[in-house]
Protein chains: 2
Amino acid sequence: MPALDAHCSMASRDEVEQLQLERLQATLHRVYKNVEYYRDSFRNCGFYPDDLTSLDTLQKLPTTARDTLVKNYPYGMFAVPLREVIRLQSTSSEVRGPIVVGFTRNDIDHWTELAARSLLSAGVGPDDVVHIYIDYGMFPGALGLHYGAERIGASVIPSSNMPPDTELEMMKNYHTTVLVTTPHKALRLIDFIRLHHVNVKALMLRACLLVGQYWSESVRKRIEENIYTPVFDCYGHSEIVATGIAAECKERNGLHINEDHFIAEVVDPASGKALQPGQAGELMITTLTKEAFPLIRYRTGDITRLNEKPCGCGSCFVRMDKVTSRTDDMLFVGGVNLFPAQVERIIADAIGPAASRPVFQLVVAGSEVSESVEVALEVNEAIFSDRLRALRSLEDKIRDELFDIIGVTAKIRLVEPGTLGQQAESVRVVDKREANL
Amino acid sequence: MPALDAHCSMASRDEVEQLQLERLQATLHRVYKNVEYYRDSFRNCGFYPDDLTSLDTLQKLPTTARDTLVKNYPYGMFAVPLREVIRLQSTSSEVRGPIVVGFTRNDIDHWTELAARSLLSAGVGPDDVVHIYIDYGMFPGALGLHYGAERIGASVIPSSNMPPDTELEMMKNYHTTVLVTTPHKALRLIDFIRLHHVNVKALMLRACLLVGQYWSESVRKRIEENIYTPVFDCYGHSEIVATGIAAECKERNGLHINEDHFIAEVVDPASGKALQPGQAGELMITTLTKEAFPLIRYRTGDITRLNEKPCGCGSCFVRMDKVTSRTDDMLFVGGVNLFPAQVERIIADAIGPAASRPVFQLVVAGSEVSESVEVALEVNEAIFSDRLRALRSLEDKIRDELFDIIGVTAKIRLVEPGTLGQQAESVRVVDKREANL
């Protein structure tokens, strides 16, 4: 087990890049040998792993999209036999198709180290009492941070899915010093604290790490003002490692990418062409140490910018901006990922066979704490001429399905044809929230 | 890390008992030195750890009840400073008071080994794909078995809380060979399989381990008949280790207690006096290796019998009967622990100040898969003379609270005073289920 420190202990860019080159060579050889998809795609562009002589060569290789992972479900992208895999984690999605990601013992060991680094960056040490207040079942990053905190030697409380009052009671009684949670759960705690005048100063909190969703600086400000504790960001991606690709240091001015395990590129989402440092685009990750599920130039769909300037903390690892938007139309509402295409499918199922696509609009409103979703749906005259009861039943059906399948509570508003205007076809989502998460 | 085998590799009873004596001496010295409660209770009965010269001496020591743990909440029973604790797990309960249990790194290591042993006893090996289909947040044993399966080197799927159709789809696609779950979730899967004519033979299952609840031989038979796979029992207790105190071997005729880590006694629940092997009584556990939260003669509340006869599997570890009942009135309904006292408190809160205790009866019916709970409640004339709406609102309130606080879905039936008879005061629970879990 390597010595634990907040950043990899390498001193210079040269050392980092030499290590990256060696690890990239090993990775490319491994995927060429073991993953049919990569072997074919490398051959198609006339590339053989021995051709790699500098890191720049990576840009000649094709990118990997999520679709490819779905096509090769379940085990087609695995680079080791199943018997060497000790963890299987699935990131299923109604709309985007299921994926299963595997980890060898070394992969889990690396992930644990990366998660530990993220916590160390936030100042967490062996004397801390760390509450992991994330649903262990829903979000694989919970287990990652659990292992990381345990490796540091902190006292870990896997509190998973408690209601806010129980959670706050535990935080007080157990002398919790570090809260690890999602922005949504943190905001719900704050809401409870305000509403019930909880004495936050009786808590012993000294850091908060937010993971699992996108969130804005206004969310950070709001949490910090209410729990008097610095809030740190930690970035991951469920197809790579759900926590620990990058994390904020004590400067909290960008997230240091763990470049001894990942190569980050930012490209133009449309053309796929490389962008200059400082230009915003889609983040692509190449894994350098993953054995079971290595990914070459994987398109994360997350929009960010890279910053190569030296950081006050002394780490030479490149920083990335906090991710607050995506290339696709995925929405985050109340802690849930929501795709307009998913909503469309549910509506189409509820309406039954129809000649044309349903015309609807999603209206998201409220603040981060109490978000509301309204689905305005044009229904044709056949339905409108029907009895009120049938309309109510259609509303109920769509509302129930949205809750059962996506987990979102929505209000359904049926409107007459033409009400939403031609715009509804292109503007599927109207986001009226005070600040996007 | 010791070599992993299904049972501790010791050859004879003599060796086991010598190890137990040494470890018990160390444990008693440790609790005497570090836990005020034990120091006082030992002194009160004139016992000093050096007095222990044989295992029989243990019987002179006072027993430890759950109440004591509640009184010393949160950290009073800890035998190490908090900084040596790497896991905190709480077993909160509305009725019985909260408890927090701590684990050092060695404790987690031992627990992992014990969970691995339970899996090895069921024939699980490094080539297996193990689905952990238990709520990681609700039941700490899920993490225990997760660590155990990972130590064996199996491929672990932390599937936590999927709906049955997703779970079966994953089991098929991922080539799951071992299912680890609760009896309730297993029965829900079976139910789904029957209802949707799922082809179980397309699965690659070869073993099933049930944990987290009590269950009967009829449940075993039913599951085995439907998934064509042997079902194994594994015993734990959330105040000790939630999984891995004892487990069934391939003979499946009693659970071998891991006597290198625990001393088991069976006593008369009323008098606390030792019973002979073969007599049914309350199980008491003394921990031999736990550092953070050692327990001396802890009364588990579980009813069982010890069996010292040699077992066909070759292990010299004593066996205990499958636990199917408890000393208290705790019920298991739909995977949830339910205490009549808890229900009483919720009813009392809903009714508001009243002169006398509420008269009610809990009727549990149905089969293991679709259990139903009905609460029959006598309401006084003041309420009955009220409008229907007030009655409905009272019903709703009780029903909602039962769901929110306990997690049980119940039907509320309000009846006139005298309807339930004087019996309701003593017979709080009527269990009409086909077979008790």
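Two strands count as paired when DSSP finds at least two bridges between them; strands (E, at least two residues) and helices (H or I, at least four) are DSSP runs, numbered from the N terminus. Keep that in mind for the first stop.

Some housekeeping before you click. This is a predicted model, where local features need pLDDT of at least 70 and side-chain atom pairs count only at pLDDT 80 or more, while totals for chains, interfaces and linings use all residues. Residues are numbered from 1 along each chain as its sequence is written, chains are lettered from A and ligands numbered from 1 in the order in which they are written, and side-chain values use heavy atoms, with hydrogens and water left out.

**Stop 1: a sheet in chain A**

Select S10, S11, S12 and S15 of chain A. You're looking at an open sheet of 4 strands in the order S10-S11-S12-S15, with antiparallel pairing. Its edges are strand S10 (262-267) and strand S15 (325-326), each pairing on one side only. Now zoom in on S10(A) and strand S11 (residues 281-287) of chain A: 6 bridges join this antiparallel pair. For a landmark, pick Phe262(A), which stands opposite Thr287(A) in S11(A).

**Stop 2: both chains together**

Show chains A and B. Superposing chain A on chain B takes a rotation of 180° with 0.2 Å of shift along its axis, and the RMSD is 0.2 Å (a least-squares fit on C-alpha atoms of residues with pLDDT of at least 70 in both copies). The two copies are therefore related as by a two-fold rotation axis. To find that axis from chain A, go to Tyr136(A): its C-alpha is the nearest one in that chain, at 2.9 Å. Both copies use the same surface, as 100% of the contact residues of chain A recur in chain B (contact means heavy atoms within 4.5 Å).

**Stop 3: the interface**

Color the contact residues: 37 from chain A and 38 from chain B. Together the chains bury about 3100 Å², 50% of it on carbon and sulfur atoms (buried area is the accessible area, with a 1.4 Å probe, that two parts lose on being put together, summed over both).

Which three residues of chain A should you pick for the area buried against chain B? Go for Arg83(A), Glu150(A) and Tyr174(A), which supply 19% of what chain A buries there, more than any other three residues.

Stay on Glu150(A) and add Arg87(B): they form a salt bridge, with the closest N and O atoms 3.2 Å apart. The rule here asks for a side-chain nitrogen of Lys or Arg within 4 Å of a carboxyl oxygen of Asp or Glu, and it finds 4 salt bridges across this interface.

Next, highlight the elements on chain A's side. Strand S1 (85-90), helix H4 (105-121), helix H5 (141-152), strand S4 (155-158) and helix H6 (164-173) each supply at least two residues to the side touching chain B.

**Stop 4: a helix pair**

Over all chains, the whole structure has 46 salt bridges. For one of them within chain A, select Glu17(A) and Arg13(A), whose side chains meet at 3.4 Å, N to O. They are 4 residues apart in helix H1 (residues 13-34), so about one helical turn separates them.

**Stop 5: backbone oddities**

Most residues other than glycine have a negative phi, and most peptide bonds are trans. Select Tyr73(A) and Pro74(A): the peptide bond between them is cis, with omega near 0°. Pro74(A) sits in the loop between helix H3 (66-71) and S1 of chain A. Jump to chain B, and the bond from Tyr73(B) to Pro74(B) is cis too.

Finish at Arg252(B), a non-glycine residue with a positive phi, near 45°. Look for Arg252(B) in the loop between strand S8 (246-248) and strand S9 (255-257) of chain B.
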